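Here is the note you asked for on this model, written point by point for reading alongside the coordinates.

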Amino acid sequence: MTTTTRRSVLAAAAAMTTAGLNEVTPAAAQVAPRPIFPVPMVSIPIVGETQVFQVRRIYCIGRNYAAHAIERGSDPNREPPFFFQKPTDAIQNVAVGEVADHSYPSLTKNYHHEVELVAALKSGGTNIPADKALDHVYGYALGLDMTRRDLQNGMAAEKKPWEIGKSFDHAAVIGPIHPASKTGHFEKGAISLAINGAVKQSSDLGKMIWSVAEQIAKLSEAFELKTGDIIYSGTPENVGPVVKGDVLLCKLEGLPDMSIKIV
């Protein structure tokens with residue numbers, strides 16, 4: 001009786017231990033992985049909202065005004081649209097009414113301004129028809145695609161990628177986003193940039209070769225666009241250099257001005 005009892009007790013204890021392990025192991029396996037350190041979220045303020053627009057990707061279209069394409073040595077009648085990207089942490093937010101300090105970047109001696117309309121997407125997809133593309137736009141902002149022109153030209157001359165000329169810290173200057181539900185969609189309107197009060201760039205959105213809707217459609221053929229993507233829609237002619245001390249004033253009909261000082 002004693003031996004049988006001890007065996008029964010040991011068997012029961014073993015069974016309980018196994019059952020306990022079976023209960024604990026799946027739960028432990030379900031623990032979600034955690035990052036080893038935090039990475040800041042990149043976002044853009046939205047006018048009139050406490051929420052912010054979280055940025056997923058930054059797309060830019062090149063040579064989207066005929067006169068600018070010509071000054072860059074291209075034929076606007078034959079060239080299809082082409083795109084490049086900037087890192088999301090290149091964003092520099094500029095508040096309405098602020099003259100924000102903008103650091104002159106390293107390595108360059110020929111730093112250029114490019115004023116642009118920026119579209120912010122609330123949804124996306126692939127192969128989006130142009131006539132449905134604006135349904136994916138959350139809002140618009142005024143932006144500057146800052147460019148280390150000497151580095152860009154040097155790499156292009158060597159037939160190498162010119163990312164170093166476009167993708168660097170603070171290269172994507174931007175004002176707050178204005179919901180399209182309040183502004184409507186921008187198909188035309190004066191756009192300009194002045195340096196120290198002298199107008200350098202002056203054109204109209206209606207002169208874009210590819211409209212915002214067409215840009216979205218073309219981009220979605222190559223990439224799956226998603227919520228949080230923003231698109232810099234190209235700059236007019238007369239891009240040019242800035243130096244330390246210059247104050248840039250960007251204007252776009254229908255949006256507040258945006259200003260930075262090169263420091």
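The points below deal with salt bridges, then with enclosed and open space, and finally with a surface patch.

1. The model is a predicted one, and the remarks that follow should be read with that in mind. The count of salt bridges comes to seven, and three of them are taken up individually here.

2. Asp145 pairs with Lys86 in a salt bridge whose closest N and O atoms are 2.7 Å apart. The two partners belong to distant parts of the chain, with Asp145 in strand 9 and Lys86 in strand 4 (residues 82–86), 59 residues apart. Are these two residues buried or exposed? Asp145 and Lys86 are both buried.

3. A second salt bridge joins Glu114 to Arg149, with 2.6 Å between the closest N and O atoms. Because Glu114 sits in the loop between strand 7 (111–113) and strand 8 (115–121), while Arg149 belongs to helix 4 (residues 149–157), the pair ties together parts of the chain that are 35 residues apart in sequence. Glu114 and Arg149 are also buried.

4. These two pairs should not be read in isolation. Lys86, Glu114, Asp145 and Arg149, together with Lys166, are linked in a network of salt bridges.

5. The third pair is Asp257 with Lys251, for which the closest N and O atoms lie 2.7 Å apart. Asp257 counts as partly exposed because its relative accessibility is 33%, and Lys251, with a relative accessible area of 35%, is likewise partly exposed.

6. Asp257 turns up again when one looks at enclosed space, since it is among the residues that line the largest cavity. How many cavities of 30 Å³ or more are there? The count comes to two, and the largest has a volume of about 60 Å³.

7. The lining of that largest cavity also includes Val94, Ala95 and Val96, as well as Ala141, Leu142, Gly175, Pro176 and His178, and it is completed by Leu255, Pro256 and Met258. Strand 9 (137–145) and strand 18 (255–262) each supply at least two of the lining residues, and strand 18 has the largest share, with four. By class, the lining of the largest cavity consists of nine nonpolar residues, two polar and one charged.

8. Turning to open space, the largest pocket has a volume of about 180 Å³. Its lining is made up of 19 residues, and those that lie nearest the centre of the pocket are Arg63, Arg72, Phe82, Gln152 and Trp162. Strand 3 (58–62), strand 4 and helix 4 each contribute at least two residues to this lining, with helix 4 giving the most, namely four. The lining of the largest pocket divides into five nonpolar, seven polar and seven charged residues.

9. On the surface, a nonpolar patch is formed by Ile36, Phe37 and Val39, which together have about 390 Å² of accessible area. Where does Val39 lie? Val39 is found in the loop between helix 1 (2–29) and strand 1 (43–45). Val39 counts as exposed because its relative accessibility of 66% is over the 50% cut-off for that class.

Conventions
Residues numbered from 1 in each chain as written. Predicted model: local features only at pLDDT ≥ 70, side-chain atom pairs only at ≥ 80, totals over all residues. Heavy atoms only, no water. Patch = residues over 30% accessible without salt bridge, like charges linked within 9 Å, V, L, I, M, F, W, Y side chains within 5 Å. Areas by Shrake-Rupley, 256 points an atom, 1.4 Å probe, with all protein chains shown as cover. Salt bridge = Lys/Arg side-chain N within 4 Å of Asp/Glu carboxyl O. Buried < 20%, exposed > 50% of the residue type's maximum accessible area, 1.4 Å probe, protein only. 1 Å grid on protein atoms, 1.4 Å probe; cavity = no way out; pocket = protein on both sides within 12 Å on 5 of 7 lines; lining within 4 Å. Points joined across faces, edges and corners; volume = space filled by probe spheres on them. Nonpolar A, V, L, I, M, F, W, Y, C, P; charged D, E, K, R; others polar.
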